[in-house]
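Student: I would like a close look at a single part of this model, taken slowly and with its surroundings included. Please choose one strand and follow it through.

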Amino acid sequence: MLALTRRKGESIVIGDNIEMVVLGITGEQVRIGVIAPKSISVHRKEIFEQIRSENKEAMQNAKEKLKTLGDNFN
């Protein structure tokens, strides 16, 4: 992990086209803005994990349905 120190209004750049800007700091809370192309998904980690879990579950359900469908043709 790379740890950086930034102040309000300062930013970091990831790759060629993602910029993270510190918008504000209040107590222990930091507001961060992300500037990225629309083709790149940006989520809070807990939302990302939820999406990943739901996608994994959907894939498992699809596999089971395909197996059932295949069994019907045998």
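Tutor: In this predicted model, strand β3, which covers residues 29-35, is the element that contributes the most to a nonpolar patch, giving three residues to it. The patch lies on the surface and consists of Ile 25, Val 30, Ile 32, Val 34, Ile 40 and Val 42, which together have about 480 Å² of accessible area. Of these residues, Val 34 deserves a separate word: its place is in strand β3, and, with a relative accessible area of 37%, Val 34 counts as partly exposed because that value falls between the 20% below which a residue is called buried and the 50% above which a residue is called exposed. As a general point, side chains in a regular strand alternate between the two faces of the sheet.

Turning to the pairing, β3 runs antiparallel to strand β2 (residues 18-26), and seven bridges join the two. Within this pairing, Glu 19 stands opposite Ile 35 of β3, while the hairpin of β2 and β3 has two residues between the strands, and there Gly 27 takes a positive phi near 60°.

The wider setting is an open sheet of three strands in the order β1-β2-β3, with antiparallel pairing. Its edge strands are β1 (11-14) and β3, each of which pairs on one side only, and the twist from one strand to the next averages 25°. On the other side of the sheet order, β1 and β2 run antiparallel and are joined by four bridges, with Glu 19 in β2 serving as the bridge partner of Val 13.

Terms used
Residues numbered from 1 in each chain as written. Predicted model: local features only at pLDDT ≥ 70, side-chain atom pairs only at ≥ 80, totals over all residues. Heavy atoms only, no water. Patch = residues over 30% accessible without salt bridge, like charges linked within 9 Å, V, L, I, M, F, W, Y side chains within 5 Å. Areas by Shrake-Rupley, 256 points an atom, 1.4 Å probe, with all protein chains shown as cover. Salt bridge = Lys/Arg side-chain N within 4 Å of Asp/Glu carboxyl O. Buried < 20%, exposed > 50% of the residue type's maximum accessible area, 1.4 Å probe, protein only. Pairing = 2+ DSSP bridges. Axes fitted to C-alpha atoms, helices over the stretch in contact; angles between N-to-C directions.
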